[in-house]
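Me: I'd like to learn how to read a structure like this. Can you walk me through some features?

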Amino acid sequence: MQTRKKYIFLTFLASWLLIFFFGGDQLRRFAFFSGRKAEARRNWPHWTDRSLLKNFADPEELQRDGDPSLLSPQERRAAWLSVYKSSRCRMESCFDFSRCERNGFKVFTYPRERDQPISESYGKILASIERSRYYTPKPEEACLFILSIDTLDRDHLSAQYVRDVDEKIRGFPLWNGGQNHLIFNLYSGTWPNYTGDLGFDIGQAILAKASFDTESFRPGFDVSIPLFSKDHPQRGGERGWLSQDSVPPKKKYLLVFKGKRYLTGIGSGTRNALHHIHNGKDIISLTTCKHGKDWEKHKDTRCDKDNVDYEKFDYQELLHNSTFCIVPRGRRLGSFRFLEALQAACIPVLLSDGWELPFAEAIDWSKAAVVGSERLLLQIPSAIRCIHPEHVLAFQQQTQFLWDAYFSSVDKIVHTTLEIIKDRLSPHRSRSRFLWNTLPGGLLVLPNFSTHPGDFPFYYLQHGSSPSEKFTAFIRVVSQAGSLSQPILRLIQAISGSQYCAQILVLWSCEKPPPPSGKWPQTTVPLTIIQGRKKLSDRFFPYTAIQTDAVLSLDEHTSLSTSEVDFAFVVWRSFPERIVGFPALSHFWDPEQGRWGYTSKWTNELSIVLTAAAFYHRYYHSLFTEYLPEGLRDLVDGLSACEDILMNVLVAAVTKLPPIKVTQRKQHKETVPQQVKGTAGAAGSRHFSQRQDCLNQLVDWFGYMPLVSSQLRLDPVLFKDQVSVLRKKYPRLERP
Amino acid sequence: IMCASTKYNTRGPALIPRMKTKHRIYYITLFSIVLLGLIATGMFQFWPHSIESSSDWTVEKRSVHDVPVVKLPADSPIPERGDLSCRMHTCFDVYRCGFNPKNKIKVYIYSLKKYVDEFGASVSNTISREYNELLTAISDSEFYTDDVNRACLFVPSIDVLNQNVLRIKETAQALAQLSRWDRGTNHLLFNMLPGGPPDYNTALDVPRDRALLAGGGFSTWTYRQGYDVSIPVYSPLSAEVDLPERGPGPRRYFILSSQMALHPEYQAELEALQAENGESVLILDKCTNLSDGVRAVRKRCYKNQVFDYPQVLQESTFCVVLRGARLGQAVLSDVLQAGCVPVIIADSYILPFSEVLDWKRASVVIPEEKMPEMYSILQSIPQRQIEEMQRQARWFWEAYFRSMKAIALATLQIINDRIYPYAAISYEEWNDPPAVKWSSVSNPLFLPLIPPQSQGFTAVVLTYDRVESLFRVITEVSKVPSLSKLLVVWNNQNKNPPEDSLWPKIRVPLKVVRTAENKLSNRFFPYDEIETEAVLAIDDDIIMLTSDELQFGYEVWREFPDRLVGYPGRLHLWDHEMNKWKYESEWTNEVSMVLTGAAFYHKYFNYLYTYKMPGDIKNWVDAHMNCEDIAMNFLVANVTGKSVIKVTPRKKFKCPECTAIDGLSLDQTHMVERSECINKFASVFGTMPLKVVEHRADPVLYKDDFPEKLKSFPNIGSL
């Protein structure tokens, strides 16, 4: 046995050596050894005198780039105004910035004329602006003007085409050559070329248009918007369809398309080729010639078979079950398909050469879509097969984020357009690309608050920083007594005992003036009184005195212990984007009355944490006061105890997450709502029903119910465990 | 948790039967002979060729003066002027680039020639030092090809960096006679100083038809977005002066202007600014009385004070970069190098590499008309942000400005990204400085989704041979309402799993997978059988968890799908005496890990554990038959930056840490081993990713004075 093995080995060895010593030459000429490698690669030469070469420019010349004979800067700017007009408009040359300086970014919409019907979509656009916080009814304080003439559909074959626009706008005294005007358009041009022609002279107006082509797009001036249908919701909007993150993506199809095939005319180049990539297995690309009146006239040999296959698949089903969706150009560059794919988390594969992608000035589409080239259609399958599953997962999530942040309603599309324009007015106070492309998105980030990611509650992880280690306690006093009650004195003592407390602010919202400083308890941390304006929404005003990231919001009747505060703050630091607090409520849908309700009773769920005792990030004060439209704050001021619901709705709308309830000692389980007014019975129930009204009105404003329920409460790790109290950090939380 | 006693059993029999020593020596000798033979043949056969193909050997050694001379007839064709409507899809021939697995474009460089007109007068300098550096960089890069037929992009060796030193018409003629010119299709020209008196065009005036232009100083009217590339004006001082990076923070001056020969109008505005704000604003100009031999470019003066340039830039927080006759200024590069935040005042200027760089993070752009407000605008920027801008500015210089090579490669990469967009470099890779890339976390499950409850979870039970205990676990877990499937990972290769009929009958599908090798990592394999997002990893001896506790754990996981949600919690501590990490399983007020003997997590982490675990951790765990749970905790915390969630009160778990069979000694060995794991993993990860928290999750009404039957999860914490 052994000897035989030995011989086998030796023979093996010998043959190897033989092959290499004698056959090496032949082997080398084989396949990969051969060819170009043997030849020298001709690189750029290393010139022997390269160190003697002259610089491309004299260093001094580089530093003295002046020419006094030139136009002065002012003259040059004046010259621009006359040279760079209409198709060469830029903000510098066609926009009057001075209009926006006095009153800030205010938008005026022309009054609607009776005899001038407007389409449903344009009505929604105007409504969005009129509901926004930028709206002004006074033209003299406006920075931006929106026409009341419907300019959405400029295909003169269309029923909604408005005639004689030129004449009409010339009659407007505010028109001023279109300066500082914003014009919305969804369809331009007509058969057969579908050019960008609008059929009237927009002059110096900014154009917000769907299907924008890069050639006529005036960069930094125009805005490309997505094509949306007349059924697109005014506000709120449907959520994206992605409900699970799976790796690898578990969808039935890799790539799908179902749509028209154009046999002739513009766009037919791509549409006519799409069927080539269909493989019947994981790539489904179905086209039909059956569209238009005279399709049979142009029909070719494929048509009949294609039409049969076409009927076998349902578009919605394909959308739901595919990882990638082809979004080719139609006659125009953009299509409804784009937003449909985005919502469906079907990663758009764009085949629309020269399309200026929607909001590309802000949105980084390379994170959410595959921008293909029409000319390289046949490479698409192999290209997307090479995309790593992790990237697919990231793409899918990004489509959902973008859909929800910028596209799911007309409000969002219009507001994104406005914010992009607003950002241009003061470049130093604008959102970076990071802020636009990271959750929760640019609309929810106010550059007036800060442009630094570390100042917001959303970016600590990406930014590699953490929230500040102290908090500001903010106590609202509304009672009519005028003197300091026992509960508030106890509260101040408890709060100031916390090692994390930086300062205490008291918002004094009573008729009577606050007691003199001598009457207030002595505390180790500074205590400041702020005189309120007696509005309920005052408590969420972004007072400059609040300098810490965390705010502990309190009512005068709240009873908390130092260890409760300490524990809640430590928890908040793990969840800085949420409301973390004590008394909680839970909302529910009441099918009998067909409305939302909520309960403060003991329930197994919670979705609202009352701001009578809660931590949250100070940025939410700014969002509450500056992001929400004034009408909403007026609504809250008119109803009692609605402001904290609004705060919860706002935070839930921003984060899509429930608030967090932390351990609370037994005794104050019923702090709210009765105690706020101090009366029981009739007043209490009226108060309660007002709150229900409040919730329903808020849902109406937001267009959907943003609140999210949670089934958990966070307790200290050893809470009520069978272990010595000496070992526990928060033993006081367990006292009955 | 795997019990220690079983752990030693599960290791299974030794894999390699011991050979007799004599034979072993024999085999080793034989083997080494074969090996030596192979190496020797390899050396002889292939050594010389590998030398031959390395670049040093083949590079020509010639003088620039020896290059061939080309005479351009006066009537030779001139290309069309640049076409302003050109875009990639209209003027670029993408078919030349093709699909290739590396997703790299191929760039060809024309060989160097000297061009003269009919009378023998040269058209331009043959080549400048910078352009030579640029072409060398391209030639040395992965983009380069010497095969003109395979090229996707052509770079002429005609140097047009500075328009002032060339003859426009003749240069254009020289371009037109290039062998593959074809109206300039797929040709790339580099230009840093465009235009000339009197109107100073913002793009190269040489007619160039469809050629792409990488230009320094584009305005928004000449820049063809998505076609041209905006590049910096290179500052030769970059190579000359070594300015060490200065830590971010306040500087002596707030605003500094260092440019010479500014337009008097700007000069007046700057002086007004200085008059208003005093010493925090420093306006420098050229020095009038420098002694001989001192280069004016390296000095700046304010009244009689002389400052070294560019060193003085490091003394200021903000440095003004005003337009001159041209929009692009070399001073921008100096300012960035000094880590000074540029204040760019040049209306309509397209900033360098603006297609990919987020200049808002590194600079302040102020419209010319707002110059008087500059001071207040800059004052409104928070200090933290200024510090980040300083760091960012320096990073931009290091990555994209410091050399012609950096400029060339960034330009090619941008074009490459347009042609292979699905393999493009991301915003973060372009913009985040290394320190940020290191400290920041990008959670792969970043979308706040609460997975639908109906999906349920898959329980994965890793087992070796404790069938009885396993069956009890199966029976218990099957009572949990949201269980959708049960997967048993049979890790014993020597024994078959029990017959089908013997398994407990449960209401959900039960699958058994057999593994090829007894490894702990089998528990974290992303089996196709796991169809839900949620995975419950559970040991075959965990029978003390109630159905309520498991169901509640699943509900908690739904609210935190990107975290590990588990029952027994553990903590890591810094041992100051030993100067290393220590594992802690006592009753502590904090947790930083949960044991995966019973834990919910996202299936994605199985994928990460199996394919993306850093370093040798996975093999190390398999070899030591321990710490797979700690590794999972590290992995998840590192990738998400978030803490674990411990659910429900502490219970007595049957585990080595609490009831060791051999008593204390085994317990201690175990703790030492676990501590070692933490130290090992922390060194592999290069950081301590675990996050310490003081909370755990309980049901909303846990231990509240409320009728138990009305609680969703009454049976929690019972022993």
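Reply: Sure, we'll take helix packing, a salt bridge and then domains. Keep in mind that this is a predicted model.

Me: How do people describe two packed helices?

Reply: Two packed helices are described by the angle between their axes and the distance between the axes. Here, try helix 12 (residues 336-343) and helix 14 (residues 389-407) of chain A: their axes come within 8 Å and cross at roughly 120 degrees. Helix 12 and helix 14 of chain A are therefore oblique to each other.

Me: Which residues make that contact?

Reply: From helix 12 of chain A you get A:Leu339, A:Leu342 and A:Gln343, while helix 14 of chain A brings A:Thr399, A:Gln400, A:Trp403 and A:Phe407. Sorted by class, that contact has 4 nonpolar, 3 polar and no charged residues.

Me: What about salt bridges?

Reply: Over all chains, a search of the whole structure finds 62 salt bridges. One of them joins the side chains of A:Glu643 and A:Arg539, at 3.8 Å from N to O. This pair links distant parts of the chain, 104 residues apart: A:Glu643 is in helix 22 (residues 643-655) of chain A, and A:Arg539 is in the loop between strand 13 (527-531) and strand 14 (550-555) of chain A.

Me: And how is chain B split into domains?

Reply: The domain assignment gives domain 1 (64-234 + 403-434), domain 2 (238-402) and domain 3 (455-650 + 665-697) of chain B. The C-alpha centres of domain 2 and domain 3 of chain B lie 55 Å apart.

How values were computed. Residues are numbered from 1 along each chain as its sequence is written. Chains are lettered from A and ligands numbered from 1 in the order in which they are written. This is a predicted model: local features need pLDDT of at least 70, side-chain atom pairs count only at pLDDT 80 or more; totals for chains, interfaces and linings use all residues. Side-chain values use heavy atoms; hydrogens and water are left out. Axes are lines fitted to C-alpha atoms, for helices over the stretch in contact, and angles run from 0 to 180 degrees between N-to-C directions. Helices (H or I, at least four residues) and strands (E, at least two) are DSSP runs, numbered from the N terminus. Angles under 35 degrees count as roughly parallel, over 145 as roughly antiparallel, 65 to 115 as roughly perpendicular and the rest as oblique. Contact means heavy atoms within 4.5 Å. Ala, Val, Leu, Ile, Met, Phe, Trp, Tyr, Cys and Pro count as nonpolar, Asp, Glu, Lys and Arg as charged, and the others, Gly among them, as polar. Domain bounds come from an automatic or database domain assignment. A salt bridge is a side-chain nitrogen of Lys or Arg within 4 Å of a carboxyl oxygen of Asp or Glu.
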